[in-house]
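Subject: Structure handover

Hello,

Here is the structure I said I would pass on. Please load it before reading the notes underneath.

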Amino acid sequence: MAQLKYGYSTPVGEAGGIIDLAPYAVDTFTNEEDTGKMGFGVGVVTGTAAGKQVKLPVSASTAANFEGVVTNRRTTEYDLEGKIHIRKNATVGVMRYGRIYVRVATGATPAYGKSVYMLNSGDEAGYFTDKASTTTGEPSNTVTVNHVAVKGRFLGEADTTRGIAAVELFNEAN
């Protein structure tokens, strides 16, 4: 098979990739989620064993439960289909503060300096947005979902091709 498409641009980054050498802290936790459910660049919260395990956020998650963002430190192998799966009980690095590429939620419009919120429900739980809440449903029957405020800011617009954006997590407790 011949290569039919050539790309000359370098991607801005990868989900969970550390952006630069600015000070950052990455702590080690165990993935509490089933194999393949957690990904790089998503926000995680305190797991069953606080200080040892992390999991994806749920509707009851708050800013006090936010542990950080799962880093992509190139320690996970591809499977035979070319997909990466973080295994259950695998060790993951979680950035508590610093600059990192995060996964952005559908409809998010990040820009430099905008506040960062983490979705805590649905298929995109753990993804980030610039909106404090999302309203869905018909006008006569709307549902408003509040997102978890994260101490940080967006560093620019999203790369819509990759579904990521640069975020700076501040070094202060939530």
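The notes below start with the whole chain and then turn to one strand and its neighbours.

The model is predicted.

Overall composition. The protein chain contains 11 strands and zero helices, so the order of elements from the N terminus is simply β-β-β-β-β-β-β-β-β-β-β. It has 174 residues, and 38% of them count as buried. Among contacts in the protein chain with a separation of 6 or more, 63% are between residues 24 or more positions apart. The accessible surface of the chain is about 10,300 Å², and carbon and sulfur atoms supply 49% of that area.

Strand 11. This strand covers residues 164–169 and is mostly covered, with six of its six residues buried. Its side chains split into two sets: Ile164, Ala166 and Glu168 point one way, while Ala165, Val167 and Leu169 point the other way. Both sets are buried, Glu168 included.

Pairing of strand 11. Which strands pair with strand 11 in the antiparallel sense? One is strand 5 (residues 91–103), which is antiparallel to strand 11 and joined to it by six bridges. Another is strand 10 (residues 148–154), with three bridges to strand 11, also antiparallel.

Glu168. This residue of strand 11 appears in both pairings. Arg99 stands opposite Glu168, and Glu168 is also the bridge partner of Arg153. Glu168 is thus a buried residue with an arginine across from it in each case.

Regards

Methods:
Residues are numbered from 1 along each chain as its sequence is written. This is a predicted model: local features need pLDDT of at least 70, side-chain atom pairs count only at pLDDT 80 or more; totals for chains, interfaces and linings use all residues. Side-chain values use heavy atoms; hydrogens and water are left out. Helices (H or I, at least four residues) and strands (E, at least two) are DSSP runs, numbered from the N terminus. Buried means under 20% relative accessible area, exposed over 50%, partly exposed in between (1.4 Å probe, protein chains only). Contact means heavy atoms within 4.5 Å. Accessible areas come from the Shrake-Rupley method with a 1.4 Å probe; for residues, only the protein chains shown count as cover. Two strands pair if DSSP finds at least two bridges between them.
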